[in-house]
Amino acid sequence: MSAPFDRSLTGELAVGDGQDWAVSPQAGDEERVVESALRPHSLHDFIGQPKVARQLALVLEGAKRRGRTPDHVLLSGPPGLGKTSLALIIGSELGTSVKITSGPAIERSGDLAAMLSNLAPGDVLFIDEIHRIARPAEELLYMAMEDFRVDVVVGKGPGATAIPLEINPFTLVGATTRAGLLTGPLRDRFGFVGQMEFYEPAELQQVLARSADLLGVELTAEGSAEIAGRSRGTPRIANRLLRRVRDYAEVEADGRVTREVAEAALALYDVDHLGLDRLDRAVLEALVVKFGGGPVGVATLAVAVGEEPHTVEEVCEPFLVRAGLLARTPRGRVATEAAWQHLGQPLPRGGIPLGRVTADPQVSGASSEALFDA
Ligand SMILES: Nc1ncnc2c1ncn2[C@@H]1O[C@H](COP(=O)(O)OP(=O)(O)O)[C@@H](O)[C@H]1O
Ligand SMILES: [Mg+2]
């Protein structure tokens, strides 16, 4: 782990390699390999998301009975909640193969046309981060989704002609962390939109039990409750913390993940009871201790913890807001009563300097989306 905080922002919001930040919702490169081993392979194995899972089951079953391809499916929600897993499950439930690509990977519409015309009847085409698809490719996609046709442009310049080409019926599954960035016409062409929600601790415990089985780890109910409570409602984080705790259990204990072992391991990795890491806590502490609970501007707060305002705003705050510890107000950031309590600080005499704070849903909503940008 590197100092001072083990989160490096690279480029956009991809956070480091996901390896040294225990509670990043993004997957690191090595992690992707481990994750594929832990992915559920059928709707039956898929835990939680009862609404999306049931609706999807009906969509798929209905299509199977009619012998048609199901409606195109859009899965939207924060990273680590199971969108890729569900896309692959759709293929296996339909008994078809899944071709995988992503919005940023489709640079030219010709690439997409080639991919579409290579689909076998009934195939699933999975486009991850579909909100980042280039506009010309997106326009090509409209016709493909609607009529199973693509226009192939032959020649260049004024002599170029578009030749319509039939493609096999397919199901497009799009995943996005930023549904708001999707254009209207694209969004309208999805017959089914599944909105993924954060998981309840009990659901995360089921995820953990399943993963522990697959990894051959002995995990007690208390151990799993301890991990689930710190996983920020996100299966990816739960699985990652489980692997960290397993390492600790093997080296420092008898391999069994009990509550004591989970607590000691997660303390070592600086993940506290609410799933806050060192930087989250530093931000909260600065706000409460140095600035008396606020309101204070984000730039000042960032200087106080030695981070970029961007990092504080996009990486820490969305979860602090979601956890009800911090509010963004027009006058600046303010600690909620829960924040004082979480840090074990006595409440200031005269109460919290909240003033007329209403957490601005627009502000917090927009920014928590930013955190989830892949
Ligand atoms: N409902 C679920 N049941 C079991 N495991 C899950 C579930 N959702 C996610 N996971 C686990 O979390 C990891 C990340 O899920 P993934 O589908 O890659 O999320 P997303 O594509 O939304 O970022 C997967 O490897 C999988 O093991
Ligand atoms: Mg994914």
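Start by selecting strand β4, residues 98-102, together with strand β5, residues 124-128: the two run parallel and are joined by 5 bridges. This is a predicted model, so treat what follows as a walk through a prediction. Now pick out Ile100 and look across to β5, where Phe126 stands opposite. Add helix α4, residues 109-117, to the selection, and you have a right-handed β-α-β unit made of β4, α4 and β5.

Keep Phe126 on screen and bring up Val173, which touches Phe126 as well as Val73, Leu75, Ala87, Ile90 and Val124, leaving aside residues up to four places away in sequence. Val173 belongs to strand β8, residues 171-176. Is Val173 buried or exposed? It counts as buried, because it has 29 C-beta neighbours inside 10 Å, and the cut-off for that label is 20 or more. For a distance check, draw a line between the C-alpha atoms of Val173 and Ile127: they are separated by 6.3 Å, though the two residues are 46 apart along the chain.

Zoom out for a moment. The protein chain has 15 helices and 11 strands, and 40% of its 374 residues count as buried. If you like contact maps, take the contacts between residues at least 6 apart in sequence: 68% of them join residues at least 24 apart.

Next stop, ligand 1. Which residues come nearest to it? Among the 18 residues around ligand 1, those are Glu35, Gly82, Lys83, Thr84 and Ser85. Colour helices α1 (29-38), α3 (83-94) and α9 (235-252) too, since these are the elements that give two or more residues to the shell. Recolour the shell by class and you should count 8 nonpolar, 6 polar and 4 charged residues. Then colour by domain, with 9-38 + 199-268 as domain 1 and 50-195 as domain 2. Both domains give residues to the shell, so ligand 1 lies between them.

From the α9 side of the shell, move on to helix α8, residues 221-228. Its buried residues are Gly223, Ser224, Glu226, Ile227 and Ala228. What do they pack against? Show α7 (201-215), α9 and α10 (259-268), and you have the partners of these buried residues.

Time for some backbone oddities. As background, most residues other than glycine have a negative phi, and most peptide bonds are trans. Select Gln49, in the loop between α1 and α2 (50-66). Its phi is near 45°, a positive value in a residue other than glycine. Gln49 counts as buried because it has 21 C-beta neighbours inside 10 Å.

Now go back to the end of β5 and on to Glu129, in the loop between β5 and α5 (135-147). Here too phi is near 45°, positive in a residue other than glycine. Glu129 is buried, with 21 other C-beta atoms within 10 Å.

For the last selection, take Gly294 and Pro295. What kind of peptide bond joins them? A cis one, with omega at about 0°. Pro295 is in the loop between α11 (278-290) and α12 (298-305), so leave those two helices displayed to frame the view.

How values were computed. Residues numbered from 1 in each chain as written. Chains lettered and ligands numbered in written order. Predicted model: local features only at pLDDT ≥ 70, side-chain atom pairs only at ≥ 80, totals over all residues. Pairing = 2+ DSSP bridges. Helix = DSSP H or I, 4+ residues; strand = E, 2+ residues; numbered from the N terminus. Right-handed = clockwise from strand over helix to strand, strands pointing away. Near = placed C-beta within 6 Å. Nonpolar A, V, L, I, M, F, W, Y, C, P; charged D, E, K, R; others polar. Domains from an automatic or database assignment. Buried ≥ 20, exposed ≤ 12 C-beta atoms within 10 Å, placed from the backbone. Contact = placed C-beta atoms within 7 Å.
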